[in-house]
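The report below goes through this structure part by part. Please keep the sequence and the model at hand while reading.

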Amino acid sequence: MSEIVIRAESLGKQYRIGTPERYRALRDTLTDGLFAPFRLLGSLAGKSNGSSNGSARTAASGLAAPNSTIWALRDVSFEVRRGEAVGLIGRNGAGKTTLLKVLSQITLPTRGRAEVHGRVGSLLEVGTGFHPELTGRENAYLSGAILGMSKREMERKFDEIVAFSGVERFLDTPLKHYSSGMQMRLAFAVAAHLEPEILLVDEVLAVGDIEFQKKCLGKMEEVTRQGRTVLFVSHNMGALRRLCTRGLWLDAGGVRQSGSAGECVDAYVASVESAAREETGCFDLAARTDRHGDRRVQMTRIRFRGADGGQRSRFEFAEPFAIEFEIEARDTVRSCFVGVTILAADGTNVIGTHHCDTAELRDFVRGHSYRLSCLFEPNTLKPGLYALQVGLLDFATWDVYDWFYSVGQFAVTDGTGKYGRVSDDRPAFVHPVLQWEWK
Amino acid sequence: MTESTAVETRGVPLTIITPPRGWLRLDLDEVWRYRELLYFFVWRDLKVRYKQTVIGAGWAVIQPAFTMIVFSLFFGVLAKMPSGGVPYPIFYYSALLPWMYFANALTQATNSVVENQRMITKVYFPKILLPVSSVVSGLVDLGIAFLLLLVMMAWYRLPPTLAALWLPVFLLLAIASALAAGLWLAALNAIYRDVRYAVPFFVQFWMFASPVAYPSSLVPAEWRWLYGLNPMAGVIEGFRWALTGHGQPPSAILAASAVGVAVLLAGGLFYFRRMEGTVADVV
């Protein structure tokens, strides 16, 4: 057995939520009048008196009263051995990113302790430290330095990085003239050539076109094969199964399960399936933060409707259903399209559809809202649980305005025959009714 | 116990991560290990500062030069400030050099943490590099502006004296003052955004409390000791004296304000370090 490189003992991380005193602007001070400075001093003094030993009872109720606190991590203990690839699994807000931040020292834990043996490289975001005024070449060097690469190391790998990124021709162009896809490629190329002993990767690799995602996953596979230790957050269950040797399932800040990657993924998928039974079929997205893109155009709400027009998230196999999108334009944008991917529980992309396949492509005008509906044919998906992936992208460049890896789940059930057909045990995802004919 | 300690065992760095407890140790070794990143931050500041400008680094000269002209006209020619025979342009420019360096370095250091908040929440590095890089990159502007001073001194036939050897001492004091105040303000700014708005005023008041527009001989003798507590008063008088021989050579008051700066700097270092552990959560 190889030696332990990460040992976490009862890690806990408490965050303040609501609007505590900490963040005051001049405007508040003016409106609050003369006494604000005194309160400010008071809160300063209060802060230094030890905010560290909060009570665990105030933890994760999920309901946030103003000035209350939440435990993003609670009593998290685990060990990682050299060369293991650990997949971090869990719902949004389960504490996966917080755990990576604590392990990479971006933020300190509120309690507990962790030991990390070896150089840590963390990739929580692609393109950290990029500056729009600097050229691609300059940014590559800067980003490398920020991620922990030495100048010599960078010089040695520079050609390789440029080749991987595919932006050779624009190396001396300021980054602000790059499309977001090009920025992403350059950023990932730099990050991919990081060679720490321990690599912490958040779900950054899921963005971008399929070709790019494949490249990223390929690189991740290479890294794990080289025997480096990797902690990897993903919602892509297929990738987790393939890349990881171990799984760590976080739920509401605590470790729910730890074991082989396959076991954890199965248990997680089963739990999500049971949770999906309680989904209402309406997803309010305005306040969600698990998204990517500049949000010049954004999704505000998505609803599922069954054949009877009712709002639901469970449909019979042979039932036609519709997904309705509400979109808000915060800026005027030309030719932006809605792209939808239906993912199976193991992360396989089952269906891909763009609104402009059948509806017209139109411009989005600042300040206006738009509604769009997509009707799914009956007999399409085999019974099971599916996730809805949605993006608003530029038609020409595929630059991302707004993008969710998973908006939420919906389920397809065997059916009662009410819609004319009951599912059987065919293995394929899609069971369309096709025209068969004797000749 | 400290927040996190790094120990090397057989070439493998070991990091121990624990909650913040009280005042933390400084861990200047770590800053040394990250010196290359400091270099990159300075390089970035310099690259970005004059990108897409026509005059470029010329701005480093234009700002003090125009201020010098305005000061010479209004405070010099019109208000007849006593300059002890030193030509007004030299009298003002030699004071504006350290002052403008200090004011810009302080302002940039104050904003450095907030401006890089995105980076701070996404990757680990000693945050202290940010204000330090602001203070260091300002030196380049100072160097460029200094060239004009040499030209002016040649024009007025004012050869530098041996006193000029004192310049590095005053410069060091200016750097330390900017860093000391910058560390405190940068840490406070991360938590209270009021600081960002207060600093320009603060800097303006500080200028009037320093002998930029007037010689310190105008300050009544009984208040001199209080005035001397302002380290920039010592720095600016020192610059003038070292370059033109005007005013008093450095005295005990300068030593006292140097001690004051050292205390402020040490406090700033500890306060900033203390803030580092939580900055990613509040910034």
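## An open sheet in chain A

In this predicted model, an open sheet of chain A is formed by 4 strands, which follow one another in the order S10-S12-S14-S17 and pair in the antiparallel sense. Strand S10 (282-284) and strand S17 (369-376) of chain A are the edge strands, each of them pairing on one side only. From one strand to the next, the twist averages 20°.

Within this sheet, strand S14 (residues 321-329) of chain A is joined to S17(A) by 8 bridges, and the pairing is antiparallel. One position that can be located directly in the model is Glu324(A), whose bridge partner in S17(A) is Ser373(A).

## The enclosed strand S7 of chain A

Strand S7 (residues 229-233) of chain A is largely enclosed by the rest of the structure, because 5 of its 5 residues are buried. The burial applies to both faces of S7(A): Thr229(A), Leu231(A) and Val233(A) are buried on one side, and Val230(A) and Phe232(A) are buried on the other.

Which strands pair with S7(A) in the parallel sense? Strand S3 (residues 85-89) of chain A does so over 4 bridges, with Leu88(A) standing opposite Val233(A) of S7(A). Strand S6 (residues 198-201) of chain A also pairs with S7(A) in the parallel sense over 4 bridges, and here Val201(A) stands opposite Phe232(A).

## Where chain A meets chain B

The contact between the two chains involves 40 residues of chain A and 34 residues of chain B. On the side of chain A that touches chain B, the elements giving two or more residues are helix H1 (26-32), strand S4 (111-117) and helix H4 (136-147) of chain A, and the largest share, 6 residues, comes from S4(A). Sorted by class, the residues on this side of chain A comprise 17 nonpolar, 13 polar and 10 charged.

Strand pairing also crosses from one chain to the other, since S4(A) and strand S2 (residues 12-17) of chain B run antiparallel and are joined by 4 bridges. Within this pairing, Ala114(A) has Ile17(B) in S2(B) as its bridge partner.

## Chain A as a whole

Chain A contains 9 helices and 19 strands, and 40% of its 439 residues count as buried. When contacts in chain A are restricted to residues at least 6 apart in sequence, 73% of them join residues at least 24 apart.

## Chain B and its two domains

Chain B has 11 helices and 2 strands, and along the sequence these follow the pattern β-β-α-α-α-α-α-α-α-α-α-α-α. Its radius of gyration is 21 Å, close to the 19 Å that the globule rule gives for 283 residues, so chain B is as compact as a globular protein of that length. The C-alpha trace of chain B spans about 65 × 50 × 40 Å along its principal axes. Of the 283 residues in chain B, 41% are buried, and among its contacts with a separation of 6 or more, residues 24 or more positions apart account for 77%.

The domain assignment divides chain B into domain 1 (1-32) and domain 2 (34-282). The centres of these two domains of chain B, taken over C-alpha atoms, are separated by 32 Å. Contact between them involves 8 residues of domain 1 and 10 residues of domain 2 of chain B, and the side of domain 1 that touches domain 2 has 6 nonpolar, no polar and 2 charged residues.

## Positive phi in chain A

Most residues other than glycine have a negative phi. Against that background, the backbone of chain A can be examined at two positions, Asp75(A) and Ala252(A).

Asp75(A), which lies in strand S2 (residues 69-81) of chain A, has a phi near 50°, a positive value in a residue other than glycine. Because Asp75(A) has 16 C-beta neighbours inside 10 Å, it counts as partly exposed.

Ala252(A), by contrast, lies in the loop between strand S8 (246-251) and strand S9 (254-260) of chain A. The phi of Ala252(A) is near 50°, again a positive value in a residue other than glycine. Is Ala252(A) buried or partly exposed? With 19 other C-beta atoms within 10 Å, Ala252(A) is partly exposed, because a residue is buried if 20 or more other C-beta atoms lie within that distance.

Note on methods
Residues numbered from 1 in each chain as written. Chains lettered and ligands numbered in written order. Predicted model: local features only at pLDDT ≥ 70, side-chain atom pairs only at ≥ 80, totals over all residues. Pairing = 2+ DSSP bridges. Axes fitted to C-alpha atoms, helices over the stretch in contact; angles between N-to-C directions. Contact = placed C-beta atoms within 7 Å. Nonpolar A, V, L, I, M, F, W, Y, C, P; charged D, E, K, R; others polar. Buried ≥ 20, exposed ≤ 12 C-beta atoms within 10 Å, placed from the backbone. Domains from an automatic or database assignment. Rg over C-alpha atoms; globule rule 2.2 N^0.38 Å.
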